[in-house]
Amino acid sequence: MGRNKRRHDRGFWPAYRLHTTAITTARRAGLEPRDVVVAGVSGGPDSCTLMNVLSRASRRFDFTVQPAHLLHDFRGQETYDDADFVRRMWPECIFEEVDVAAYQREHGISSFEQAARDVRYGFLARVARRVGARLVAVGHTADDLAETVLLHMARGSGLHGLRGMSELDPWPYSTSPHGHDAPEPDLRVWRPLIDLTRHHTTSYCRNNGIDYRDDSTNYMRDFARNRVRLDLMPALKEQLNPRIVDALGRISRTAAAQVDYMEQQADQLWTQVATGPVAHDGTLTLDRNALSKTHQALLHIILRRAWVAVTGHEHRLTERHLAAMSDTVYVPGSGKVIELPRGFRFAVGARWATLSGTARADDCPYPDAVREFRLTLPWGPIAVAVTRRDGWEVTAESVRVHTATHLDTGNPLSAYLSSQSLREGAIVRTWQPGDRMQPLGMSGTRKLQDIFTDAGVPRHWRERIPLVVTPRGVAWIAGSRIADWAAVRLERGEAAATLIRFEPGSADAEPA
């Protein structure tokens, strides 16, 4: 008995359970001979365990495993060391390199983690289409599920957030997550390790002589998930419930069952609520009478489905948006409009409700939204620098300011910034959700969207207002606020400053 116990402690039991789990989940996934499964591999213990157990299951069910590895271009040499390790382990692996930061800027995504998730699933979908796979296997464990549920709870998600993820899920993203195309219809995510813990996968690798890589980004507390993993989960285990991972898994499964039931009810109601498919102009019309007779929990499901039908994805729609939309349906009256992310709006009339992306920007005084560009600043003997891009002519001039009244330019599109605040350079871009700044006279920061709201800036203007941004953050919202740390401080009656002035200019952009 003592010998068996020692073997159990050393990982014999997890290895047995992992092999059994792989075969059981492969059977549930309906795998058949000559099927192809794409496996997302990073080189960590979870993905190395995944590849090993998939290999065992493939011999049982005669399917092919195609590994795929995405290089996230932000960890320097470690990124390429991981790729070399994966190539040595699995020479048949398919590789692709993506600049996540550039993707994040291009799509206006505030969270780097979300951007990385988008490009990762986009890559895996492309590989799946290339090799004809209908399943993509990933190494998510019960710990990942618990962390996801906690993150969703912290963000105020509804049941959709609490259900987290399961062993087999529909493909979570469209082919272009921020576009209008439909999600991958025949592709699913397979998580063979979802009932096992991270401890099991690490023990499995160590006890079976499987080498793996340790990703340094897993220890960066800049990312919310890492803070949950490194700080919150250990505290909950120690002070609240040693089996918190199991408890959160049960919450997830309960929520998933309830959501599945309500989705079935929504299927039956959809034809009564939606008057037809999304129109050519991107508008979906709903029967308000039918909506108003629907229970709020089910109404949220239907409104979420309407959002997906119009936008092609679930991104950025929150429970707060759904609650506001529901209120306009239930409360008597018409003509109410709820502004939604990325220029979409939900409008309620006496008989119909419409969801559309028809918010107009024709009355906006600013040129079309600029692409990010570097602001040319004066230096040395050059006292004036001019940058022309995307409909703007931006002048930056070195000046000496002598009085406080001199700081008032009389033009909302020009402002004096301290030369010191621009010493590391600056770029011009537009607002991204999640942007914050420290307004002049304040010690803390505020969200730009709150600053816009207080200033009465229409929502459809906001993505066209230029921002001057330095490595420290947003220095100036053109036409609005200056950051406290970027303001000119008059000392002994004068100060060096940079006068920046935006003027509508040629529509022809300078070469990038």
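## A walk from Asp 62 through the chain

Let's start at Asp 62, which sits in the loop between helix 3 and strand 2 (64-72). This is a predicted model, and every value below is computed from it. The phi of Asp 62 is near 60 degrees, a positive value in a residue other than glycine. Is Asp 62 buried or exposed? The answer falls in between: Asp 62 counts as partly exposed because its relative accessibility is 48%, and the cut-offs are under 20% for buried and over 50% for exposed.

Asp 62 has a companion in backbone geometry. Arg 34 is not a glycine either, yet its phi is positive at about 75 degrees. You'll find Arg 34 in the loop between helix 2 (12-28) and strand 1 (36-40). With a relative accessible area of 71%, Arg 34 is exposed.

Now step back along the chain from Asp 62, which follows helix 3. Helix 3 covers residues 45-61, and its 17 residues should span 24 Å at 1.5 Å a residue. The end C-alpha atoms are 24 Å apart, so the expected span and the model agree. Helix 3 is mostly covered, with twelve of the 17 residues buried. Among them are Leu 50, Met 51, Val 53, Leu 54, Ala 57 and Phe 61. There's a bit of general helix geometry to keep in mind while looking at such a list: an α-helix has 3.6 residues a turn, so residues three or four places apart point the same way. The start of helix 3 is covered too, since Pro 45, Asp 46, Ser 47 and Cys 48 are also on the buried list.

Asp 46 is a handy bridge to the next stop, as it is one of the residues that Thr 141 touches. Thr 141 lies in the loop between strand 4 (135-137) and helix 7. Its relative accessibility is 0%, which is why Thr 141 counts as buried. Beyond its neighbours up to four places away in sequence, Thr 141 also touches Leu 193, Ile 194, Leu 196, Thr 197, Arg 198 and Thr 201.

Thr 197 leads on to a pocket. The second largest pocket holds about 460 Å³ of space. Twenty residues line this pocket, and those closest to its centre are Ala 142, Asp 143, Thr 197, Val 245 and Asp 246. Helix 7 (142-154), helix 9 (198-207) and helix 11 (244-273) each give two or more residues to the lining. What classes of residue make up the lining? By class, there are six nonpolar, five polar and nine charged residues.

Further along, Thr 395 lies in strand 13 (residues 392-401). Thr 395 is buried, given a relative accessible area of 7%. Leaving aside neighbours within four places, Thr 395 is in contact with Val 384, Ala 385, Val 386, Leu 499, Ile 500 and Arg 501. Leu 377 is 18 residues from Thr 395 along the chain, and their C-alpha atoms are separated by 8.4 Å. Leu 377 belongs to the loop between strand 11 (373-374) and strand 12 (384-389), and it counts as buried at 16% relative accessibility. Ala 385 turns up again here: Leu 377 touches it, along with Ala 396, Leu 422, Gly 425 and Ala 426.

Zooming out, the chain has 16 helices and 20 strands. Of its 512 residues, 48% count as buried. Among contacts between residues at least 6 apart in sequence, 69% join residues at least 24 apart. The chain exposes about 25,600 Å², with carbon and sulfur atoms supplying 50% of it.

Notes
Residues are numbered from 1 along each chain as its sequence is written. This is a predicted model: local features need pLDDT of at least 70, side-chain atom pairs count only at pLDDT 80 or more; totals for chains, interfaces and linings use all residues. Side-chain values use heavy atoms; hydrogens and water are left out. On a 1 Å grid over the protein atoms alone, a cavity is a set of points where a 1.4 Å probe fits but cannot get out, and a pocket is an open set with protein on both sides within 12 Å along at least five of seven lines; lining residues have an atom within 4 Å of a point. Grid points are joined across faces, edges and corners, and a volume is the space filled by probe spheres set on the points. Helices (H or I, at least four residues) and strands (E, at least two) are DSSP runs, numbered from the N terminus. Ala, Val, Leu, Ile, Met, Phe, Trp, Tyr, Cys and Pro count as nonpolar, Asp, Glu, Lys and Arg as charged, and the others, Gly among them, as polar. Buried means under 20% relative accessible area, exposed over 50%, partly exposed in between (1.4 Å probe, protein chains only). Contact means heavy atoms within 4.5 Å. Accessible areas come from the Shrake-Rupley method with a 1.4 Å probe; for residues, only the protein chains shown count as cover. The expected span of a helix is 1.5 Å times one less than its number of residues.
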